[in-house]
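Welcome, and thanks for taking a look at this one with us. Below is a short briefing to help you find your way around.

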Amino acid sequence: MTPAHSADDADAVCPAVLAEPTVPVTAPWTASLSLATLAVFMAFMTPIQILLPLQLEHIDPHDKNAALSLVTGLGALVAVIANPLAGAWSDRTTSRFGRRRPWILGGALAGAAGLAVTASQHTVAGVAVGWCLAQAGLNAMLAGVTTPIADRVPLGQRAQVSGWTGLMQSVGLVLGALVTTLLVTGVLSGYVTLAVLTVALALPFVLRYAEPPLPPNLRPAFDARAFARSLWVSPRRHPDFGWAWLTRFLINLGNALGTLYLFYFLADAVHHGDPGTGVLILTLVYTACAALTAVPVGVLSDRVGRRKGFVVLCALVMAAAALLLALFHTWPSTLAAAAVLGAGYGVYLAVDQALVTQVLPEAADRAKDLGVINIANSGPQVLAPALASPVIAHLGGYTGLYTAAALVILVGGLLVGRIRGVA
């Protein structure tokens, strides 16, 4: 009888590189991929929530909102372009180290360099350039860390593994906030520490877990026009992919509207004495509640084989949290909203990622197509500042902003019902 092999054994008998995975992954494999994912999101989210607001407030205290919108918007625009491009090249990589690991390590090094450049800037334009460089590298890394779930994880484990890796978005912000508010002092040391951790946390997965390489004969000849056309996934030909993309875009847009100005919301509306510490406390509450739902709901979703109902549930819960922020500008109500939002987003992180892997059009283009899907994560970061700033200024302040966030999230959750190929 042929012995079973784990998917993380470097000498394992692996299925063909493009085949649907059937061999279960192990807990250490999931943990190492989660650490690499943690590195990406710690480097993404901590600057947006803490370091960039502090840096820009020092550079331009009278126009800090517009400066933050400009820097984060430009960075997100770079992400929209870099992620699918890096994913497409990852799909075509024939390195003996596999298709994903070179991009994880290379992206980590490039992202760390971008963070170091950002740290040394003293003008809004300089910060924007540095942050765009960081976004380019980190999105190359993101293309590498998101695809192994589709490449290596069987369908019956996918929401559970997605729950662990998705939870790293929140854990990354918590650890990043702890590092930049308690363990180190100053914006410069915060950026440098994040840069070092980004590379260090990527190494266990990169060095330990082999992946099957793409045979050179399976790599298509390069044609610039065909390559450019491949970055467009027709929603008419692949409607489930299109609806999944739109659902994710709207839910993430609502989430971005609700979180982008959280630091300033605490300072200007809640009148919290220490907004930086307030953001840290809210993030701890948010992450704890997300942890309570992400993995258990992922396991439940895998067991019952259903995804869409959980996405609708998370949208309802997240919209309720946004309405709490809209109606009550007090510290206790903000704490309650963080708990509710975390519980809802934990469900979303696990189930939506698993759903998305089930609507990818072609096995050969998994990283590219997930890069297109990831535009629905980064695109809202471009649009949210353009929407949020005038809403705060002219359409009801933070009440108007969080009401809009609730409506956008609800619409996104309802549209998941248009997906036909996934239960």
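Let's begin with a single residue: Val312 is partly exposed, because its relative accessible area of 27% falls between the 20% limit for buried and the 50% limit for exposed. Please keep in mind that this is a predicted model.

**Around Val312**
- You will find Val312 in helix 12, which covers residues 308–327.
- Leaving aside residues up to four places away in sequence, Val312 touches Gly413 and Val416.
- Ala354 sits 42 residues from Val312 along the chain, and their C-alpha atoms are 15 Å apart.

**The whole chain**
- The secondary structure consists of 15 helices and zero strands.
- The radius of gyration is 21 Å, which agrees with the value near 22 Å for a compact globule of 423 residues.
- Along the principal axes, the C-alpha atoms fill a box of roughly 65 × 45 × 40 Å.
- Of the contacts with a separation of 6 or more, 85% join residues 24 or more positions apart.

**Surface and charge**
- Buried residues account for 56% of the chain.
- The accessible surface is about 16,500 Å², and carbon and sulfur atoms contribute 69% of that.
- There are 23 positive and 19 negative side chains, with the centres of the two sets 9 Å apart.

**Confidence in the model**
- Mean pLDDT for the chain is 90, with 96% of residues at 70 or more.
- Among the elements, helix 3 (residues 101–119) has the highest mean pLDDT, 98, and helix 8 (residues 224–230) the lowest, 81.
- Over residues 1–15, pLDDT stays under 50, and the model has 18 contacts for them beyond four places in sequence.

Terms used
Residues numbered from 1 in each chain as written. Predicted model: local features only at pLDDT ≥ 70, side-chain atom pairs only at ≥ 80, totals over all residues. Heavy atoms only, no water. Helix = DSSP H or I, 4+ residues; strand = E, 2+ residues; numbered from the N terminus. Buried < 20%, exposed > 50% of the residue type's maximum accessible area, 1.4 Å probe, protein only. Contact = heavy atoms within 4.5 Å. pLDDT = per-residue confidence, 0-100. Rg over C-alpha atoms; globule rule 2.2 N^0.38 Å. Areas by Shrake-Rupley, 256 points an atom, 1.4 Å probe, with all protein chains shown as cover. Lys, Arg positive; Asp, Glu negative; His and termini not counted. Charge placed at Lys NZ, Arg CZ, Asp CG, Glu CD.
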